[in-house]
Amino acid sequence: MSFFKSVLLASLISLLAAMALLFLGSAMGYEEFRGGYAVLTTESSISDRDIRSLLESSEYFFGGSPVSESSQWVLLDEFDLIKRIPLDQYSSRIFPFDPRNDGYADKLREVFIKDNKRFIYIPLVAGNWNSSLLDKKFDELLGDIPYSVEYYGIGRPLALFFIVYAASCVCLLLLCYLKRKTHRSIVNIIPMIPVLSSLGFFGAAGIGTAAILYALFIMLKEPLNELINPPPLRENALKFKTIYKEVIIPYRFYWLFLPVFAGALAILVIFSKLHLLFLIAVSTASFAVFFFSLKIVTFSGVEHRRFNPLIIVRQRFPEFIFPVYILPFAIGAVFTLFFMPYMSGNYDYNKKFDVFITEQDYLEHITYQSSFSTHQMGTFSAAFPEYYIDKDGLPSIDRTKVTQSVRISDYPPFPLRHLMEFFNNVNNGVKTDTTGGSAGVSEKWSLLVLLLFLFPGIIVVKNDENTGKINFSRIKRFSGTPHQTGLN
């Protein structure tokens, strides 16, 4: 198999694993954001339909159509059919003393008009993470109309996290191309890009975790390559003994660095929102993809028995070439943490929402209107009783009969269910930082572990012998007594 086909096949396997991990993360609720609303407040004298038409012109910018008085309706029994009446026209159609007026319309109107203020609820999506952009859009749409706006439930910008990860991956590919002659074996990192993308669920901590895993795979590439393709066994030699002598012992200093990587990942799990079980799943999948890429990616490009070049003179100490490759991810993590502010998490706000209408109110409204023609006047729920002839030959009320049933499925579902459930969760949520700046202090400090892996690339400086200038891009190799071995 050619080199290009080998890389393509490994990347395809990684993409399939990434799709599974993204589905798993979404199913486990790692997206964090379930929707939000901007509550726009104006004077009640301003036409609701006019404001709604202005907002609907930019429906694509928000997360859907605005929920307002003119968008709602009330059921009305007109004896020959049940008709839906727009809420803003209900008072002009039905007098307060009309027996069909069950009070539902007045209760529903309080959600949108209260204390001479009009409230309009605009759904938002995760991309609307910046309040200044939203404010600018409202100014543009409403013009001279006086208004105020408050934001509820804005979550972290999940889409932007993945954009930052993708940008870091583009920089990684560029570095691999620029250093293709000096670090040719770095090509095995390319198939890891899709499988590690699911760490974007966790924002800065996830991107930082990806950087650590990239560093781990780059450092362990050589020993893992020999572990997968061990030297041929001599006569009467034990396989484990041969591997121990030819792979474990020569690369013992590589293996000794593993606790450093494990400790860094543990810090991110403890002090950020990174979930241990998901990290284990991602690490397992990424190791499987990496082993697979080492097994199939070749450099011969010819159709014969696979030739896998192994270093004859092994380094006793690891070559720390990974700092330059993980630098884009470290920058992306810091950029995400400090320069992509997000508002309070979903259901978190420091203000209570005190106007509610429940689904039970809506169901009672359906029941009343659908059976109004059979109700006794002056009651809200009692249908006309049924009679039977008792033992005395006299008519008696049959109290065992069930009152007239209503098929709720024949009517539309409660239109404000999502809005009411959302604000109920706002009231019950745990209050957190609402200044909109950044993540918790612990998550900021946890990213300092990335300096541990950038340290060799920062402090080791080598003078360029040809130009006499300082070259920070080169990483000094640790010297040591080379271990001689035979060819594989």
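Select Cys169 in this predicted model, and you will find a buried residue, its relative accessible area being 5%. Colour the sulfur atoms next: the structure holds 0 disulfides, and for Cys169 the nearest cysteine sulfur, that of Cys171, lies 9.2 Å away, whereas a disulfide would need the pair within 2.5 Å. Move on to Cys171, which likewise is in no disulfide, with the sulfur of Cys169 as its nearest cysteine sulfur at 9.2 Å; Cys171 counts as partly exposed, at 36% relative accessibility.

Now select residues 131–142, which make up helix H5. Measured out along its C-alpha atoms from the first to the last, this helix of 12 residues reaches 16 Å, close to the 16 Å expected at 1.5 Å a residue. Within H5, highlight Leu134, Lys137, Phe138, Leu141 and Leu142, the buried residues of the helix. Looking down the axis, you can see why they belong together: they cover an arc of only 110°, which puts them on the same side of H5. An α-helix has 3.6 residues a turn, so residues three or four places apart point the same way. Turn the view to the face directed away from that buried side, and there you meet Lys136 and Glu140, both exposed.

For the last stop, go to helix H1, residues 3–27, and pick Leu16, which is found in it. Extend the selection to Leu9, Leu12, Ile13, Leu15 and Met19, which together with Leu16 form a nonpolar patch on the surface; a surface rendering of these residues will show the patch, whose accessible area comes to about 520 Å² together.

Conventions
Residues numbered from 1 in each chain as written. Predicted model: local features only at pLDDT ≥ 70, side-chain atom pairs only at ≥ 80, totals over all residues. Heavy atoms only, no water. Buried < 20%, exposed > 50% of the residue type's maximum accessible area, 1.4 Å probe, protein only. Patch = residues over 30% accessible without salt bridge, like charges linked within 9 Å, V, L, I, M, F, W, Y side chains within 5 Å. Areas by Shrake-Rupley, 256 points an atom, 1.4 Å probe, with all protein chains shown as cover. Salt bridge = Lys/Arg side-chain N within 4 Å of Asp/Glu carboxyl O. Helix = DSSP H or I, 4+ residues; strand = E, 2+ residues; numbered from the N terminus. Expected span 1.5 Å × (residues − 1). Arc of directions from axis to C-beta.
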